[in-house]
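This report looks at how a ligand is held by the surrounding protein and at how some of the helices are packed. The structure comes first, and the discussion follows it.

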Amino acid sequence: MSASAVPSKNAPLSEADPEIYGLIQKETTRQEYGLEMIPSENFVSEAVLEANGSVLTNKYAEGLPGKRYYGGCDVVDQIEEIARERAKQLFGCEFVNVQPHSGAQANQEAYESVIQMGDTIMGLRLDQGGHLTHGHPVNFSGRNYKVVAYGVRESDQQIDPDEVMAMAKEHRPKLIIAGASAYSRHFDFAMFRRVADEVGAILLADIAHYAGLVAAGEYPSPVPHCHLVTTTTHKTLRGPRSGLIMGKQDYAKGVNRSVFPGLQGGPHMQTIAAKAVAFGEALRPEFKTYARQVIENARTLAQELTRHGFKIVTGGTDSHMMLVDLRPVGVTGKEAQHTLDEVGLTLNKNTIPFDPQPPTVCSGVRLGTPAITTRGMGKSEMVTIAGFIRDAIQNRADPAKLRSIADDIRSLSSKFPLYRHRLVS
Ligand SMILES: *Cc1c(COP(=O)(O)O)cnc(C)c1O
């Protein structure tokens, strides 16, 4: 290994650190030849990867553009301004902070900008689709705040506006969170705003999952209705692993202070540049076509799985994802996840509303189409994939049959090249 500190004289990763290089090659292979159906994952463009791996990682830029605590920020100021302008254009928001390192941090920063420790927050029940940061006891949100939760109706597994209003009136939360990690239907943000106004609460939408669909105009936008909107940038939005806070101008100062110096130090300028690139991509007409295809693919998949005897929670989907109730086919979420992993189809077990199984077992799986749609897959592939899922689960005790399904999955993904040029064979 070279001891030189001058990058131009450094060896490439393959020589400098063959161990890590080899593992990255392995992961590239896994992504290339598997079927990625975790709804929170996606595949970024080469342009996003390049910005994310750039020399911007070297730069300290605490503060905001034009108001930094370090010198030499002219260039990164321009980059962050472009990221902010593109985000505003994409979502039509009054203000945006592009510095949050992740979705969870964006939530903590947004909450802390408007409420105090001990205040009451209200979000979707975690076992019915909510996220850890919406009030789980082991998370900061559950430890710092008093948590109440609304749920879905047993009859159709959809959010019940009457329950949301009744819970709000009873508990008078300071902050209401509309958003989910496992809810396939539209959120009625206007309804949530009426509830928030009724009890004097702040309304925050967490669109971590739906952001790309919202940006494309294919999912209702919370921006006109909410005081604050948080999101990740790496799920349907197809950018680098990161977060974002948007909102009404009145909340800008509080959010900016909460992000820095409240909870973060120097912003990750390489990630902010990658976000700018991803926002630029999402502003193009092709992204709207992509978002539409994501939803169409999810609908096809839901229909096909239903045809094969699976039950889709809520009876279908309006988004990129769905929850599959596996009880009619007699398998648990845990078993299904394991079996599908074996054949190269990646998804996760998930509780379904009113799940009789514990969260370690689950009666369902959660799956989504953002990543496979990025590869170029469409309706006919969805039909094929639903067949793989049925066959694998039916034959889960038959290793030979599973091996043959794994071969079929590999040859299907082989037809949709992704990062193949990055592999050395
Ligand atoms: C994924 C997700 C988050 C957290 O994002 P991270 O970047 O993993 O911290 C927050 N809220 C919701 C609703 C999510 O789905």
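Helix α5, which spans residues 103–114, contributes three residues to the shell around the ligand, and no other element gives more. The model is a predicted one, and the description of the ligand site that follows should be read with that in mind. Of the 14 residues around the ligand, those that come nearest are G103, A104, S181, D206 and K235. By class, the residues of this shell divide into nine polar, three nonpolar and two charged.

Which residues place an N or O atom at 3.4 Å, 2.9 Å or 2.8 Å from an oxygen atom of the ligand? The table sets out these contacts, together with the part of the residue that supplies the protein atom.

| Residue | Protein atom | Distance to a ligand oxygen atom |
|---|---|---|
| S102 | N or O atom in the side chain | 3.4 Å |
| G103 | polar backbone atom | 2.9 Å |
| A104 | backbone N or O atom | 2.8 Å |

The contacts of G103 and A104 thus come from the backbone, whereas S102 takes part through its side chain. As for the cover that the protein provides, the ligand taken alone exposes 380 Å², and 85% of that area is buried by the protein.

Turning to the helices, a packed pair is described by the angle between the two axes and by the distance between them. Helix α5, already met at the ligand, also packs with helix α10 (residues 252–263): their axes come within 8 Å and cross at roughly 120°. An angle over 115 degrees but not over 145 falls outside both the perpendicular and the antiparallel ranges, so α5 counts as oblique to α10. In passing α10, α5 makes a right-handed crossing.

A second pair is formed by helix α12 (residues 285–307) and helix α15 (residues 379–394), which pack at an angle of about 40° with their axes 9 Å apart. For this reason α12 is described as oblique to α15, and the crossing of these two helices is right-handed.

How are helix α7 and helix α8 oriented, given that they pack at an angle of about 20°? Helix α7 covers residues 161–171 and helix α8 covers residues 189–199, with the axes of the two lying 9 Å apart. Angles under 35 degrees count as roughly parallel, and α7 and α8 are therefore roughly parallel to each other. Where α7 passes α8, the crossing is right-handed.

Note on methods
Residues are numbered from 1 along each chain as its sequence is written. This is a predicted model: local features need pLDDT of at least 70, side-chain atom pairs count only at pLDDT 80 or more; totals for chains, interfaces and linings use all residues. Side-chain values use heavy atoms; hydrogens and water are left out. A residue is near a molecule or strand if one of its heavy atoms lies within 4 Å of it. A polar contact is a pair of N or O atoms within 3.5 Å; within protein, one must be able to donate a hydrogen and the other to accept it, and residues adjacent in sequence count only if both atoms are side-chain atoms. Accessible areas come from the Shrake-Rupley method with a 1.4 Å probe; for residues, only the protein chains shown count as cover. Helices (H or I, at least four residues) and strands (E, at least two) are DSSP runs, numbered from the N terminus. Ala, Val, Leu, Ile, Met, Phe, Trp, Tyr, Cys and Pro count as nonpolar, Asp, Glu, Lys and Arg as charged, and the others, Gly among them, as polar. Axes are lines fitted to C-alpha atoms, for helices over the stretch in contact, and angles run from 0 to 180 degrees between N-to-C directions. Angles under 35 degrees count as roughly parallel, over 145 as roughly antiparallel, 65 to 115 as roughly perpendicular and the rest as oblique. A crossing is left-handed if the near helix is turned anticlockwise from the far one by less than a right angle, and right-handed if clockwise.
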